[in-house]
Amino acid sequence: MGLIVNGKWVDQWYDTKASKGQFERQESRFRDTISADPNSKYPAEAGRYHLYVSLACPWAHRTLIFRQLKQLEDVISVSVVKAEMLENGWEFDLENEQFQDHLYQHNYLYQLYLKAAPDYQGRVTVPVLWDKKTQTIVNNESSEIIRILNSAFNDITGNTDDYYPASLRPEIDQLNSRIYDTINNGVYRAGFATTQAAYEHAYQQLFDSLDWLEQHLASHRYLAGNQLTEADWRLFTTLIRFDAVYFGHFKCNRNQLEAFDNISGYLRELYQFKDVSKTVDLPYSKRHYYASHKTINPTLIVPLGPEQDFNQAHHRDQL
Ligand SMILES: N[C@@H](CCC(=O)N[C@@H](CS)C(=O)NCC(=O)O)C(=O)O
């Protein structure tokens, strides 16, 4: 794990000294958009764009879910990096079709960032939304990529499902903000903390939010309104990894999600929705976290448990 400094890859773990042991996520640099307007910089076209993802990463996972829900499998192609992320950051495996860079046969994801912008400085993250035509990164911020996928290709696919409806936007924005800080990024803030105080602070905020969520979901089937929105999908990618990864590896261990009836029913409903389960790979995800973060798990041993079955009945339709 590392970053690009002056055009070169430097192997370095997150530096938390300046922030009193608190993990801080770097702002994404590429922030362009794709639009239905054929005269725009990046017009929506079938076959033009490509996603680079890791199946372990909750932010990249959002984009895979939207690709699935919005029926974009034949419109946007995908390359998946290897599960392990070690000295060279995200890598491809040239020997294995499943984990290849299908466009350029790169060995490492940082080579793609340098191809897009030789002056790029900083972390090399997934997801990346790539334009095959101009050979650059359109956007590497998942919260924006899912909004692009939510609407820009509607004329091509005919799928007009809207996960960010205008009437619910203020509510969705508010939910996203709390859930991002305390849950999505909260588990990382607990896991990557390097002082006891920073860990405890993140842990408290996380479980306060999960307690609130458990209560909210007792009387609401979904987070906002009576329909699935992006707020649910953004939350889902953290919840699905919780018991298998964050509970142990990131020390988010007051209790497992299994212990929350409403949250775990909700989680099963989302897992069973359409083809979402196709985007979930927990063995790969476990391998990524446990076998990459040497500072947290020096033996790199990947635990075998827990046994989980997200296909059980969820009973959420009674709400
Ligand atoms: N803001 C980004 C964050 C993406 C992100 O942090 N991805 C992680 C994987 S879960 C990553 O690639 N980390 C590599 C690194 O930080 O060096 C987004 O939401 O798209």
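The following dialogue examines a ligand site, a small sheet and some backbone features in a predicted model.

Student: On what basis are residues and values reported here?

Tutor: Residues are numbered from 1 along each chain as its sequence is written. In this predicted model, local features need pLDDT of at least 70, side-chain atom pairs count only at pLDDT 80 or more, totals for chains, interfaces and linings use all residues, and side-chain values use heavy atoms, with hydrogens and water left out.

Student: What makes a residue one of those that surround the ligand?

Tutor: A residue is near a molecule if one of its heavy atoms lies within 4 Å of it. There are 18 such residues around the ligand, and the closest are Y14, R25, C57, E141 and S142.

Student: How is this shell divided into nonpolar, polar and charged residues?

Tutor: Ala, Val, Leu, Ile, Met, Phe, Trp, Tyr, Cys and Pro count as nonpolar, Asp, Glu, Lys and Arg as charged, and the others, Gly among them, as polar. By that scheme the shell has 10 nonpolar, five polar and three charged residues.

Student: Why is the pair between the ligand and R25 called a polar contact?

Tutor: A polar contact is a pair of N or O atoms within 3.5 Å (within protein, one must be able to donate a hydrogen and the other to accept it, and residues adjacent in sequence count only if both atoms are side-chain atoms). An N or O atom in the R25 side chain lies 2.6 Å from a ligand oxygen, so the pair qualifies.

Student: Which ligand atoms pair with V126 and E141?

Tutor: A ligand nitrogen is 3.0 Å from a backbone N or O atom of V126. A nitrogen of the ligand is also 2.8 Å from an N or O atom in the E141 side chain. Taken alone, the ligand exposes 510 Å², of which the protein buries 94%; these areas come from the Shrake-Rupley method with a 1.4 Å probe.

Student: What makes β1 and β2 paired strands?

Tutor: Strands (E, at least two residues) are DSSP runs, numbered from the N terminus, and two of them pair if DSSP finds at least two bridges between them. β1 (residues 2–5) and β2 have four bridges, in the antiparallel sense, and therefore pair. Among the partners, L3 bridges to V10 and V5 to K8. The two strands form a hairpin with two residues between them, and N6 in the turn has a positive phi of about 45 degrees.

Student: Why are β2 and β7 said to stand at the edges?

Tutor: The open sheet has three strands in the order β2-β1-β7, with antiparallel pairing. β2 (8–11) and β7 (122–123) each have a single partner strand, so one side of each lacks a neighbour in the sheet. β1 is joined to β7 by two bridges, and L3 stands opposite R123 there.

Student: What is the value of omega at the cis bond from V126 to P127?

Tutor: Omega is near 0 degrees at that bond. P127 lies in the loop between β7 and β8 (128–131). Another cis peptide bond joins G305 and P306, with omega about -5 degrees.
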